[in-house]
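Student: Can we go through this model together? I'd like to start with the overall fold and then get to the ligand.
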Amino acid sequence: MSEAESIENYILQRYDQLCNWQEVGSYYGDSDFLNFGYWTKDTRDQKEACENLMEQLMYYIPDKSGNILDVACGKGETTAYLARTYQADNITAINISENQLVFAKKNAPGVNFQIMSATDLKFEDNHFDNIICVEAAFHFCTREDFFKEALRVLKPGGRLVLCDVLMTLDAERRRESRTEKNYLDDLQSYRQLMENSGYQNVEIDDITEQSWRQHYWYAVKYFHAQFLAGKISEDVLIERLRPTYSRVPDMMYYLKGAGQKPA
Ligand SMILES: C[S@@+](CC[C@H](N)C(=O)[O-])C[C@H]1O[C@@H](n2cnc3c(N)ncnc32)[C@H](O)[C@@H]1O
């Protein structure tokens, strides 16, 4: 089995398991987002943080006309957010998980959902006005292949807008959902990778504090409150926070950014 196949198999197993955890849905305010979000001092909960993150990413798209591709759309909550701005028939969304797409089709009716990998886009050249990818490019084998595929299917002048996570080299090697091939040591290297892949006007913003760190504190407080109120057992508390705690030594940067295909 290739490295890409083994990562995709792991991801399918892992995310499909997460989809079935009732406390995860409640944590996300009964929405189907699956990301850290963007927190301000007024943000009340995780769902609001996820909506803020979409708002932040949409700022990178000055002209919101035409069509858009949602890459790694999860259970379609990011896609449903796009449907507030775009007509459903101007939105295409892809994911490798058939199970997640079952939820997505309910969340964003009328959207063209397809099972597809981000690194092997089955679209013709110059097809999309813009592409968005929320908290997923670190899974792709490789991120660089995705950048090149996205550039190919973007129309000239179109933008790739995304948020992404950089982890330590040790974590990139150790974690089953990631690959060492995607290791980048800082945000300058990230910008360089986008530029070397053919993008111009690249903007990369460090939002580690507003995203990962604030999400971490909120998740810790949320699940402890559930435990102290007797709603979950100690075992469930540990199980739900294990992925969050395990990221602490591994996280380097959470970034948002965009790049434009030359006109
Ligand atoms: C952290 S979730 C983010 C989901 C959604 N964008 C959101 O913010 O709610 C990562 C998503 O990436 C998807 N994914 C991972 N590798 C992929 C690939 N190679 N191609 C397409 N989707 C992929 C997973 O199935 C999962 O839905």
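What follows is a short talk about the chain, its core and its ligand shell.

Tutor: First, this is a predicted model, where local features need pLDDT of at least 70, side-chain atom pairs count only at pLDDT 80 or more, and totals for chains, interfaces and linings use all residues. Residues are numbered from 1 along each chain as its sequence is written.

Student: How many helices and strands are in the protein chain?

Tutor: Ten helices and seven strands, taken as DSSP runs numbered from the N terminus (helices: H or I, at least four residues; strands: E, at least two).

Student: And how much of it is buried?

Tutor: Of its 263 residues, 40% count as buried, meaning 20 or more other C-beta atoms, placed from the backbone, lie within 10 Å of the residue's own.

Student: What about the largest nonpolar core?

Tutor: It has 65 residues, and I131 and C133 have the most contacts inside it. Such a core is a set of buried Ala, Val, Leu, Ile, Met, Phe, Trp, Tyr and Cys residues joined through C-beta atoms within 7 Å. Strand 5 (residues 154–167) gives the most to this core, eight residues.

Student: What is C133 in contact with?

Tutor: Apart from neighbours within four places in sequence, V71, A72 and L162; contact means C-beta atoms, placed from the backbone, within 7 Å.

Student: Switching to the ligand, which residues come nearest?

Tutor: N35, A72, G74, A118 and A136, out of 23 around the ligand, counted when the C-beta atom, placed from the backbone, lies within 6 Å.

Student: Which elements supply that shell?

Tutor: Helix 1 (3–19), helix 4 (77–82) and strand 2 (91–95) each supply at least two residues.

Terms used:
Buried ≥ 20, exposed ≤ 12 C-beta atoms within 10 Å, placed from the backbone. Contact = placed C-beta atoms within 7 Å.
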